[in-house]
Amino acid sequence: MNSVFVAIIGTGMAGLTAARALDKAGIAVQLFDKSRGSGGRMASKRSEIGTLDMGTQYFTARDRNFRTAIREWQEQGWVAEWKPNLYQAREGVLSASPDEQERWVGIPHTSAITRGLLGDLPVTFSCRITEVFHGPTHWTLQDASGQGHGPFSHVIIATPAPQASALLAAVPVLASTATSATMDPVWSVALGFEKPLPTEVQGCFVQDGPLEWIERDRGKPGRDNRLDTWGLQASSNWTRKNLDLPKEAVIEQLYGVFAELIGCTVPAPAFALAHRWLYGRPAQPHEWGVLGNAGLGVYACGDWCLSGRVEGAWLSGSEAARRLLVQL
Ligand SMILES: Cc1cc2nc3c(=O)[nH]c(=O)nc-3n(C[C@H](O)[C@H](O)[C@H](O)COP(=O)(O)OP(=O)(O)OC[C@H]3O[C@@H](n4cnc5c(N)ncnc54)[C@H](O)[C@@H]3O)c2cc1C
Ligand SMILES: NC(=O)C1=CC=CN([C@@H]2O[C@H](COP(=O)(O)OP(=O)(O)OC[C@H]3O[C@@H](n4cnc5c(N)ncnc54)[C@H](OP(=O)(O)O)[C@@H]3O)[C@@H](O)[C@H]2O)C1
């Protein structure tokens, strides 16, 4: 098999960034994702009160190339700048904490970005890849139903590290590096209130206790929610200790912490939803950029190869595509 045909496992920011770069270079790609839609931790969840961002809620950009990509997304109408009234909370004391950082959000939801990046690229959803085999000349994938996919000349694995390490079994050195990149879980809760809460807070960095970040949907560009919707993210410490708590109990506990912290009267929410991210964030940043074996034509990328942020995933996916292209 001489032609170049690249399998990409994962349609989060890293996989889609790699796919777009390869497609732009005229390389055929085929994407796979275990979920029903694209986005991974940037996917938005449909609910009875509208679409909710239970994963990424905003992102920052420090890298020059990533900033250029964001300008393009802005021109496409996928993102807009978000300038929240920022606060911080420490030992139960809430204080304004404005800064000059540029922050971006997807419009009308985070998922607009990855949906835009996916465009009409070929993708197979609801397809959990369980094994990645290297034959004498090509790669073949097997999914959870036992079906084979391929042959492919190259494979890019763009999943969280624990899933990547299992799929890298054919390349033990890469698998063991991926295994060393542990990932922390995050409980995320959305609360919807019938009447807007009487507070100026739109985003709050919480320095201690069960919560780490609080944000208000209202005030973000492009949102049109009937309820006053808030997103709460628990710290990884608290999440680890409460990993198997039923969703109702997670909502009750985090609602209680939120109500105490936010500094105004908080009625019972009209709507609440909890989502547990088992592989929410890398436990520590790395400087790998991408893991790869150019001879075999296999690469692994994702936020865990750099910083555990959207920018890290974008940079890692870009680097995977670049490394593959220079090797052709
Ligand atoms: C609650 C939360 C809040 C966050 N907030 C922010 C923030 O404010 N700012 C910021 O910059 N970042 C934030 N992040 C981090 C950001 O979401 C991630 O860094 C980024 O989205 C990671 O992208 P990725 O492509 O590396 O991985 P993912 O988005 O995890 O994509 C991996 C994809 O692989 C698929 N997959 C996995 N295994 C398989 C398999 N075996 N077969 C097929 N498909 C598979 C998954 O379904 C998924 O779609 C947040 C994350 C969470 C969880
Ligand atoms: N899985 C997850 O839940 C997450 C994974 C990865 C990131 N997560 C959160 O994303 C936010 C984005 O981080 P970054 O892109 O670096 O954004 P910043 O807004 O720059 O925040 C970084 C960090 O700095 C502190 N901080 C920033 N601005 C302020 C401010 N105005 N006042 C007080 N503190 C600020 C804050 O860290 P602390 O340790 O001080 O709380 C921010 O977290 C980020 O919120 C991640 O939590 C989630």
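1. Two strands count as paired if DSSP finds at least two bridges between them. In this predicted model, strand E13 (residues 154-157) and E20 meet that test, with three bridges in the parallel sense. One partnership is Ile156 with Tyr299, the latter in E20.

2. The sheet around that pair is open and has six strands. Their order is E9-E2-E1-E13-E20-E19, and the pairing is mixed. Strand E9 (123-124) and strand E19 (291-293) are the edges, each pairing on one side only. As background, strands of a sheet pair through backbone hydrogen bonds, either parallel or antiparallel.

3. A hairpin is also present. Strand E10 (residues 129-134) and strand E11 (residues 139-143) form it, with four residues between them. The sense is antiparallel, over five bridges. Within this pairing, Phe133 has Thr140 of E11 as its bridge partner.

4. Ligand 1 has 38 residues around it. Gly10, Gly12, Gly40, Gly302 and Arg309 come nearest. By class, the shell holds 14 nonpolar, 17 polar and seven charged residues. Helix H1 (13-24), strand E14 (183-193), E18 and H8 each supply at least two residues of this shell.

5. Where does ligand 1 lie relative to domain 1 and domain 2? It lies between them, because both give residues to its shell. Domain 1 comprises 5-47 + 114-181 + 285-327, and domain 2 comprises 59-109 + 183-282.

6. Ligand 2 is surrounded by 17 residues. The closest are Thr60, Ser97, Phe205, Gly280 and Arg281. The shell divides into five nonpolar, eight polar and four charged residues. Strand E6 (86-90), strand E16 (211-216) and strand E18 (271-282) each contribute at least two of them. E18 also supplies at least two residues to the shell around ligand 1.

7. An unreviewed UniProt entry carries a "binding site" annotation. It covers Ala14, Asp33, Lys34, Arg41, Gln57, Tyr58, Ile129, Asp303 and Val310. Do these positions gather at one spot or spread out, and why? They span 297 residues in sequence, and the farthest two C-alpha atoms are 29.2 Å apart, so they do not all gather at one spot.

8. Take Tyr58 from that annotation. Tyr58 sits in the loop between strand E4 (50-52) and helix H2 (64-76). Is Tyr58 buried or exposed? The cut-off for buried is 20 or more other C-beta atoms within 10 Å. Tyr58 has 20, so it is buried. Beyond its neighbours within four places in sequence, Tyr58 is in contact with Trp82, Arg103, Trp104 and Val105.

9. Asp303 is another annotated position. Its loop runs between strand E20 (298-300) and helix H8 (310-327). Asp303 is buried, because 31 other C-beta atoms lie within 10 Å. Leaving aside neighbours within four places in sequence, its contacts are Ala14, Pro282, Gly308, Arg309, Gly312, Ala313 and Ser316. Of these, Ala14 is itself covered by the UniProt annotation, and Arg309 is one of the residues nearest ligand 1.

10. Met13 belongs to helix H1. Met13 counts as buried because it has 31 C-beta neighbours inside 10 Å. Which residues does Met13 touch, not counting those up to four places away in sequence? They are Met42, Thr114, Val310, Ala313, Trp314 and Gly317. Val310 is one of the positions in the UniProt annotation. Ala313 is also in contact with Asp303. By contrast, Met13 and Thr182 are 19 Å apart, C-alpha to C-alpha, and 169 residues apart in sequence.

Terms used:
Residues numbered from 1 in each chain as written. Chains lettered and ligands numbered in written order. Predicted model: local features only at pLDDT ≥ 70, side-chain atom pairs only at ≥ 80, totals over all residues. UniProt positions renumbered as here; feature names shortened; annotations may be inferred. Buried ≥ 20, exposed ≤ 12 C-beta atoms within 10 Å, placed from the backbone. Contact = placed C-beta atoms within 7 Å. Near = placed C-beta within 6 Å. Nonpolar A, V, L, I, M, F, W, Y, C, P; charged D, E, K, R; others polar. Domains from an automatic or database assignment.
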